[in-house]
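This report introduces the metal sites of one protein model. The structure is shown first, and the description follows.

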Amino acid sequence: MLIDLHTHSVASDGTQQPADVIASAVEAGLDVVALTDHDTTSGWEEAADAARRLGMVFVPGTEVSCSWRGISVHLLSYLHDPENAGLLGEIEHARASREHRAERMVELIARDYALTWDDVTAQASEGATLGRPHIADALVACGHVASRDAAFETILASGSGYYVGHYAPDPVDAVRLVRAAGGVPVFAHPRASARGRTVGDDVIEAMVDAGLAGLEVDHRDHLPEDRARLREIAASHDLLVTGSSDYHGTGKQNLLGENTTGPAAFERIEAEGTAPPIRP
Ligand code: AMP
Ligand code: FE
Ligand code: FE
Ligand code: ZN
């Protein structure tokens with residue numbers, strides 16, 4: 001059984017419609033797929049319909065943006081109530097702040113490169129959670145850089161003069177909010193250090209005390225030693241371990257099913273979540 005619990009659609013910074021992510025998951029030979037767009041659940045309905053039609057098990061999820069002392073942390077939530085006020089409030093706050101931050105980044109970039117806010121919104125679906133990838137796509141469309149990767153290595157790098165942060169909840173608070181919303185919180189790519197600073201084991205332990213369910217261990221941004229250390233932490237706290245692609249369509253090189261989650265971990269997620277997965 002092939003299970004991939006981390007993908008993105010145009011509801012955030014992926015490049016495919018939610019239904020097309022599901023169709024691609026079927027083509028890739030997956031049996032279970034989660035859609036985990038950044039700070040939104042707007043792709044769930046379309047993905048669920050497609051999964052029912054195409055005979056795929058669908059796990060609704062969200063990748064919740066968090067921030068710990070300025071360090072970006074991503075928390076996956078599975079099977080939560082999308083209407084839960086506490087979690088929704090934080091997600092909406094982060095989404096609004098992301099929009100202001102993107103506007104501010106475009107103002108700064110526009111001092112040196114011909115780039116407008118319209119260029120950026122042209123790259124995002126209506127209502128999508130805005131992120132640096134949309135600014136990257138606009139920079140590519142305007143001919144300033146060759147690819148999303150090139151944009152992230154230069155103009156959009158967190159150390160560049162154009163980078164602006166955005167509001168995001170504390171990861172320990174976010175774990176509590178996900179549990180209160182009936183969701184299953186899994187720390188996404190906890191040691192993906194190539195993309196910026198990562199938090200120490202002490203923060204992971206504080207998240208465990210708050211109710212963290214698992215760690216995403218098998219992810220392309222983790223080195224073998226990262227995976228080994230994360231497996232140790234998971235074993236010592238009885239956390240479940242996942243592996244996922246973090247697929248973004250053509251927006252990243254990550255391929256569906258390149259890392260997968262074992263059936264036992266998926267069973268635990270299903271047992272701990274309030275909402276059931278969608279089965280065909
Ligand atoms: P943001 O949350 O707006 O600061 O942007 C970070 C997002 O950009 C992450 O969710 C990644 O999915 C995406 N990202 C980071 N690095 C890259 C890259 N090199 N190429 C494409 N997408 C990236
Ligand atoms: Fe992303
Ligand atoms: Fe992430
Ligand atoms: Zn992701």
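## Two iron ions

In this predicted model, the iron ion (ligand 3) and the iron ion (ligand 2) lie 5.4 Å apart. The two sites are described in turn below.

## The site of ligand 3

Three residues supply the protein donors of the iron ion (ligand 3): E63 through OE, H74 through ND1 and H189 through NE2. These donors lie 2.0 to 2.2 Å from the ion. Along the chain, they follow the spacing E-x10-H-x114-H. E63 belongs to strand β3 (residues 57-68) and H74 to strand β4 (residues 71-78), so this pair ties together parts that are 11 residues apart in sequence.

Relative accessibility can be stated for two of these residues. E63 has a value of 1% and counts as buried. H74, at 16%, also counts as buried, because the cut-off for that class is under 20%.

## The site of ligand 2

The iron ion (ligand 2) has protein donors from D13 (OD, listed twice), H38 (NE2) and H248 (NE2), at 2.1 to 2.8 Å from the ion. Their spacing along the chain is D-x24-H-x209-H. D13 is placed in the loop between β1 (3-4) and α1 (18-27), while H38 is in the loop between β2 (32-35) and α2 (44-54), so the pair ties together parts that are 25 residues apart in sequence. Both D13 and H38 are buried.

The geometry of this site is irregular, with angles of 50 to 144 degrees among its 6 donor atoms. For reference, ideal angles for six octahedral donors at a metal are 90 or 180 degrees.

Methods: Residues are numbered from 1 along each chain as its sequence is written. Chains are lettered from A and ligands numbered from 1 in the order in which they are written. This is a predicted model: local features need pLDDT of at least 70, side-chain atom pairs count only at pLDDT 80 or more; totals for chains, interfaces and linings use all residues. Side-chain values use heavy atoms; hydrogens and water are left out. Donors are N, O and S atoms within 2.8 Å of the metal (3.2 Å for Na, K and Ca); water is not among the atoms, so sites may look incomplete. Helices (H or I, at least four residues) and strands (E, at least two) are DSSP runs, numbered from the N terminus. Buried means under 20% relative accessible area, exposed over 50%, partly exposed in between (1.4 Å probe, protein chains only). Four donors count as tetrahedral if all angles lie between 85 and 135 degrees; four count as square planar and six as octahedral if opposite donors are over 155 degrees apart and all others between 65 and 115; anything else is irregular.
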